[in-house]
Amino acid sequence: MDIGLALPTTVPDLTGERLIEWARRADRLGFSTLGALDRIVYPNYEPLLALTAAAAVTERIKLATTILIAACRDSTLLAKQLATLDHLAGGRLVVGLASGDREDDFTATGTPFAGRGKRLDTVVRELRAAWSEASPGLRPRHAPSLLIGGHSQVAMRRSARVGDGWIGGGSSVSRYADLAARVRAEWRRQGRAQAPRLLALSYVALGPGGREHAERYLRSYYAFIGDKAALVVSGVTTEPGRLRELARGYAEAGCDELILLPCAADPGQVDLIADAALS
């Protein structure tokens, strides 16, 4: 199983200098992917710009949107942005997309929240068309893998119909095994001959004060779900030994790549996570 690391784009103590150093260390230490989360109505770094900055200072590591809320973005502009990023990264881009579950992001962009799943289907079709041989626009250097996120059966079906794989976040290892089995079953129902590439997202905060960093950050980021944010905090991995166990568990559950989501922006986290997860 590959192990990737997300950029700390949604973490409050991020600076541009820290993001650049984070990307450099992740590339040097052997992580498979640099991911980026997406929000509109939140004081986070915009994921495509953050990944572009990372592309400029890395050579090997894949760059992935994990995930992009594509249903509230203009697909024509998005196709150009993603193709440009792929060229700047030398063909290292992976595109993860989902319909989104925060209504304020849609309100802010003037996009209806209702029907966002159908809107995502349209965006995917328009991205594929914009990147086809028949298109007069800029095409990616290499067609990026397209991954669909979401735990609903509709999202799993969408991944089978239009994707190259599936991303699941916010679940335990045991629940992930069940979700992965459902995704594989849906792919078989849709007549897909190849197996889906399966990714998982999981929060981590190592070192002194790790639990406190996670508490402050995640209670803010998940404020929209109220008291349930405490459940997210309780699932954060804060001990190196536990992180190694987590990685083994996801591998046994059939996960192809685990993307670790940070709760603090100190680049020292990259070293701590690498020591625990990649050794």
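Strands β5 (residues 145–149) and β6 (residues 165–169) of this predicted model run parallel and pair over 3 bridges, where pairing takes at least two bridges found by DSSP between two strands. The elements themselves are DSSP runs numbered from the N terminus, with helices being H or I over at least four residues and strands being E over at least two. Across this pair, Ile148 sits opposite Trp166, and Gly149 has Ile167 as its bridge partner in β6. Getting from β5 to β6, the chain goes through helix α6 (residues 153–162), and this β-α-β crossover is right-handed; that label applies if, with the strands pointing away from the viewer, the path from the first strand over the helix to the second runs clockwise. Strand β4 (residues 93–98) also runs parallel to β5, joined by 4 bridges, and here Val94 stands opposite Ser145. Not much of β5 is left uncovered: 4 of its 5 residues are buried, buried being under 20% relative accessible area and exposed over 50%, with partly exposed in between (1.4 Å probe, protein chains only).

A word on bookkeeping: residues are numbered from 1 along each chain as its sequence is written. Since the model is predicted, local features need pLDDT of at least 70 and side-chain atom pairs count only at pLDDT 80 or more, while totals for chains, interfaces and linings use all residues, and side-chain values use heavy atoms, with hydrogens and water left out.

Zooming out, the strands β1-β2-β3-β4-β5-β6-β7-β8 form a closed barrel of 8 strands with parallel pairing. From one strand to the next, the twist averages 25 degrees. Helix α10 packs on the sheet and touches β1, β7 and β8, its direction making about 160 degrees with that of β7. Angles of this kind run from 0 to 180 degrees between N-to-C directions, with axes fitted as lines to C-alpha atoms, for helices over the stretch in contact. One backbone detail turns up in the barrel: a cis peptide bond, with omega about 5 degrees, joins Thr66 and Ile67, and Ile67 belongs to strand β3 (residues 62–69).

Back at the crossover, Ser159 lies in α6 and is buried, with a relative accessible area of 0%. Beyond its neighbours within four places in sequence, Ser159 is in contact (heavy atoms within 4.5 Å) with Ile148, Gly165, Trp166, Val183, Trp187 and Arg192. Ile148 and Trp166 are also the residues that face each other across β5 and β6.

Two other helices show how burial is laid out. In α11 (residues 268–277), the buried residues are Gln269, Val270, Ile273, Ala274, Ala276 and Ala277. Down the axis of α11 they fall within an arc of 165 degrees, so they line one face of the helix; the arc is that of the directions from the helix axis to the C-beta atoms. These residues pack against β1 (2–6), α1 (16–29), β7 (197–204), α10 (240–252) and β8 (257–262). In α2, Pro47, Leu48, Ala50, Leu51, Ala54 and Ala55 are buried, and they cover an arc of only 160 degrees around the axis, which puts them on the same side of α2. Leu49 and Ala56 are exposed on the other side. The cover over the buried residues of α2 includes α1, β2, β3 and α3 (75–88). As general background, an α-helix has 3.6 residues a turn, so residues three or four places apart point the same way.

The start of α2 has its own polar detail, as a side-chain oxygen of Glu46 reaches to within 2.8 Å of the backbone nitrogen of Leu48. Asn44 is found in the loop between β2 (33–36) and α2 (47–57), and counts as buried at 12% relative accessibility. A polar atom of the Asn44 side chain lies 3.4 Å from the backbone oxygen of Arg39. Leaving aside neighbours within four places in sequence, Asn44 is in contact with Thr9, Thr10 and Arg39.

Elsewhere, Ala229 in helix α9 (residues 229–234) counts as buried at 1% relative accessibility; setting aside neighbours within four places in sequence, Ala229 is in contact with Leu218, Arg219 and Tyr222. By contrast, Arg125 in helix α5 (residues 116–130) is exposed, with a relative accessible area of 53%. Arg125 and Ser75 are 50 residues apart in sequence and 9.2 Å apart in space, C-alpha to C-alpha.

Definitions and conventions: A polar contact is a pair of N or O atoms within 3.5 Å; within protein, one must be able to donate a hydrogen and the other to accept it, and residues adjacent in sequence count only if both atoms are side-chain atoms.
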